[in-house]
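Q: Got a minute to go through the charged contacts in this one? I'd like to start with how exposed the partners are.

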Amino acid sequence: MVSQTIDVLKNELPLEQELVVLPEDVVTGLVLVDIINGFCTVGAGNLAPREPNRQISRTISESVRLARLFCDKKLPVMAFLDSHHPDKLEDPYPPHCIQGTDESNLVPALQWIQNETNVTIRRKDCYDGYLGSMEADGSNVFADWVKNNHIEAILVVGVCTDICVLDFVCSTLSVRNRGFLAPLKDVIVYSRACTTFDVPLHIATNTKGALPQPQELMHHIGLYMAKERGAKIANEVLFGALK
């Protein structure tokens with residue numbers, strides 16, 4: 001039934017993806033969204049996968065590959081880490097990624113980036129990394145990162161396609177459109193390095209407060225909505241010029 005629904009959806013909402021070439025003479029920043037234990041490591045928490053998941057594994061491996069490329073080129077990287085105060089939970093979800101727990105830390109395959117000088121780590125307490133970058137004085141860590149590094153394009157990867165990735169992309173595009181994020185021009189979402197939760201209907205029905213989250217369906221919807229807002233959706237990303 002779910003596979004039939006996905007087929008119908010993809011026919012009604014076709015998503016054109018593209019090869020994106022990142023020019024060497026343009027500063028592109030890599031944004032890693034919530035590639036953390038609480039969302040990606042089997043059994044790590046209430047919102048972690050219950051068993052190995054192919055899409056999550058691919059997201060991690062592709063994100064690691066890109067992070068190494070960006071670090072080798074000394075290009076700016078920002079990693080958002082979901083990190084909640086125990087007294088400020090995030091409805092409708094159960095407690096997750098509480099500050100100070102391993103749930104809110106990068107997956108083991110990405111922990112090396114914490115020692116890289118071109119990497120900025122930002123712990124956030126909400127879905128949206130842009131809003132989660134706001135400081136008490138009104139400044140914004142993400143906006144400053146873009147401006148200080150003269151970033152003209154960002155490549156966005158991570159978890160979840162239809163929640164934190166989408167919210168961040170939508171806010172960033174809105175702020176860019178208002179002229180507050182110069183010199184940022186392009187927001188690119190790399191589909192092969194994004195994923196979302198996989199909560200089948202029968203599990204959600206028997207779990208208090210849970211919502212169904214068919215992974216492939218919601219991944220497609222998240223990408224489609226990001227493109228609707230003005231993001232480029234890439235299924236392949238290369239550095240350099242097209243030959």
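A: Sure. Keep in mind that this is a predicted model. Glu 216 is partly exposed, at 40% relative accessible area.

Q: What does the side chain of Glu 216 meet in a salt bridge?
A: Lys 10. The N to O distance is 2.8 Å. Glu 216 sits in helix 7 and Lys 10 in helix 1 (residues 2–12), so the pair links distant parts of the chain, 206 residues apart.

Q: And Lys 10, what's its relative accessible area?
A: 34%, so Lys 10 counts as partly exposed.

Q: How many salt bridges does the structure hold?
A: Nine. Another one joins the side chains of Glu 135 and Arg 122, at 3.4 Å, N to O.

Q: Where do Glu 135 and Arg 122 lie?
A: Arg 122 is in strand 4 (119–124). Glu 135 is in the loop between strand 4 and helix 4 (141–148), so the pair ties together parts 13 residues apart in sequence.

Q: Is Arg 122 buried or exposed?
A: Buried, with a relative accessible area of 14%. Glu 135 is partly exposed, at 35%.

Q: Which residues are linked in a network of salt bridges?
A: Asp 34, Asp 82 and Lys 124.

Q: Back to helix 7. How many residues does it have?
A: Helix 7 has 15, residues 215–229. It reaches 21 Å from first C-alpha to last, close to the 21 Å expected.

Q: Which residues of helix 7 are buried?
A: Among them are Leu 217, His 219, His 220 and Leu 223.

Q: What comes just after helix 7?
A: Gly 230, with a positive phi of about 120°.

Note on methods: Residues numbered from 1 in each chain as written. Predicted model: local features only at pLDDT ≥ 70, side-chain atom pairs only at ≥ 80, totals over all residues. Heavy atoms only, no water. Helix = DSSP H or I, 4+ residues; strand = E, 2+ residues; numbered from the N terminus. Expected span 1.5 Å × (residues − 1). Buried < 20%, exposed > 50% of the residue type's maximum accessible area, 1.4 Å probe, protein only. Salt bridge = Lys/Arg side-chain N within 4 Å of Asp/Glu carboxyl O.
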